[in-house]
Amino acid sequence: MKKSIESTIRKINGSMALEGMSLTEEDKNRIRDIDEGKTTIELEIGKLNKKYMKNDAMMDTIKKIKDEDKKKIIDFLRMEWGSTIMVLREGEVFDLKDEDGFVIYDKDNIIGLITYRITNNRCEILSLDSKIENKGIGTGLVEKVKEHAKNNQCSLCRVVTTNDNLKAIGFFQKRGFHLVNLYVKAMDTVRKIKPDVPKKGMDNIPLNDELEFEMNI
Ligand SMILES: CC(C)(COP(=O)(O)OP(=O)(O)OC[C@H]1O[C@@H](n2cnc3c(N)ncnc32)[C@H](O)[C@@H]1OP(=O)(O)O)[C@@H](O)C(=O)NCCC(=O)NCCS
């Protein structure tokens with residue numbers, strides 16, 4: 001019995017992962033609990049409905065960046081990334097303050113921001129920030145950009161992150177992105193343009209390389 005539920009979980013997870021929505025441990029335990037009779041499927045569907053209704057409400061709070069947001073966005077980007085300038089791959093420079101994006105506010109404070117650029121039916125996420133983690137903000141912002149990109153004839157979404165950013169590396173892969181390129185020592189080039197970029201990154205991991213992920217949308 002145990003073996004068969006684990007294989008069902010693997011199958012469900014496989015199809016959900018293809019949609020960029022892998023099952024969380026909480027979801028897997030929910031299925032196990034139903035199998036063991038600790039709860040009922042109706043009860044769990046009710047809980048999921050509530051969770052997704054909350055996520056729907058959050059999706060409604062995501063707004064396209066407008067001119068009047070710019071000042072706050074510039075301050076936010078400076079705080080999060082040291083500057084509005086983002087250097088990707090082998091020295092491609094973007095000024096995020098001039099790029100399109102979506103923003104989430106809590107009262108007057110930005111709690112989520114994503115910027116992107118669409119060129120030749122490809123969408124590139126240039127930055128992504130969530131100030132209240134593990135509540136669905138990051139996922140909501142990525143979904144919003146993917147939806148917008150699809151509506152603008154894009155078939156591919158791309159994002160670059162750094163080797164120290166273990167959370168982002170896991171986050172994007174769990175949402176259906178896969179690794180397509182590794183830019184070894186790309187941060188040496190970045191430091192020529194942004195000398196303040198530290199040698200050590202998150203969790204004190206040496207900050208050396210950039211990883212590029214893509215997904216078909
Ligand atoms: C990477 C980053 C954007 C993720 O943002 P986030 O808001 O924490 O993302 P989410 O909340 O959507 O998802 C994170 C986890 O919370 C869980 N979660 C989402 N909604 C939830 C909810 N309502 N209740 C409980 N958990 C939830 C998700 O399952 C997810 O876990 P998983 O990745 O293991 O599946 C954020 O960590 C961040 O801003 N990092 C710093 C900047 C950065 O590195 N940007 C990316 C490089 S460009």
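Helices here are DSSP runs of H or I with at least four residues, numbered from the N terminus. With that in hand, threonine 8 is easy to place: this residue belongs to helix H1, which covers residues 2-18. Please keep in mind throughout that this is a predicted model.

**Domains and their contact**

Threonine 8 has 12 C-beta neighbours inside 10 Å and, because a residue with 12 or fewer is exposed, threonine 8 counts as exposed. For a sense of distance, take isoleucine 205, which lies 197 residues from threonine 8 along the chain; the C-alpha atoms of the two are separated by 37 Å.

The chain splits into domain 1, residues 2-60, and domain 2, residues 63-216. Taken over C-alpha atoms, the centres of domain 1 and domain 2 are 29 Å apart. Seven residues from domain 1 and seven residues from domain 2 make up the contact. On the domain 1 side, helix H3 (residues 41-60) provides the largest share, three residues. The residues on that side of domain 1 divide into three nonpolar, three polar and one charged.

**The nonpolar core**

What makes up the largest nonpolar core? It has 33 residues, and those with the most contacts inside it are Ile114, Tyr116, Cys123, Ile125, Leu141, Val145 and Val159. Helix H5 contributes the largest share of this core, five residues. Valine 145 is a good place to look around: leaving aside its neighbours within four places in sequence, valine 145 is in contact with Phe102, Ile114, Tyr116, Cys123 and Ile125.

**Around the ligand**

There are 20 residues around the ligand, and Ser130, Glu133, Gly136, Gly138 and Thr139 come nearest. Strand S6 (122-130), helix H5 (137-151) and helix H6 (166-174) each supply at least two residues of this shell. Which of the elements gives the most to the shell? That is H6, with five residues. By residue type, the shell around the ligand divides into four nonpolar, 10 polar and six charged.

**Helix H7 and the loops beside it**

Helix H7 runs over residues 186-193, and Ala186, Met187 and Val190 are buried in it. Seen down the axis of H7, the buried residues fall within an arc of 90 degrees, so they line one face of the helix. Asp188 and Lys192, on the other side of H7, are exposed. The cover over the buried residues of H7 includes four strands: S2 (85-88), S7 (156-162), S8 (178-183) and S9 (210-216).

The loops on either side of H7 hold two residues worth a look if you check backbone angles. Lysine 185 sits in the loop between S8 and H7, while asparagine 204 is in the loop between H7 and S9. Lysine 185 has a positive phi although it is a residue other than glycine, and asparagine 204, also a residue other than glycine, has a positive phi too. The table puts their values side by side.

| Residue | Phi | Other C-beta atoms within 10 Å |
|---|---|---|
| Lysine 185 | near 60 degrees | 10 C-beta atoms |
| Asparagine 204 | near 65 degrees | 8 C-beta atoms |

Are these residues buried or exposed? Lysine 185 is exposed, because its 10 neighbours fall under the rule of 12 or fewer. Asparagine 204, with 8 such neighbours, counts as exposed as well.

Definitions and conventions. Residues numbered from 1 in each chain as written. Predicted model: local features only at pLDDT ≥ 70, side-chain atom pairs only at ≥ 80, totals over all residues. Buried ≥ 20, exposed ≤ 12 C-beta atoms within 10 Å, placed from the backbone. Arc of directions from axis to C-beta. Contact = placed C-beta atoms within 7 Å. Near = placed C-beta within 6 Å. Nonpolar A, V, L, I, M, F, W, Y, C, P; charged D, E, K, R; others polar. Domains from an automatic or database assignment. Core = buried A, V, L, I, M, F, W, Y, C linked by C-beta atoms within 7 Å.
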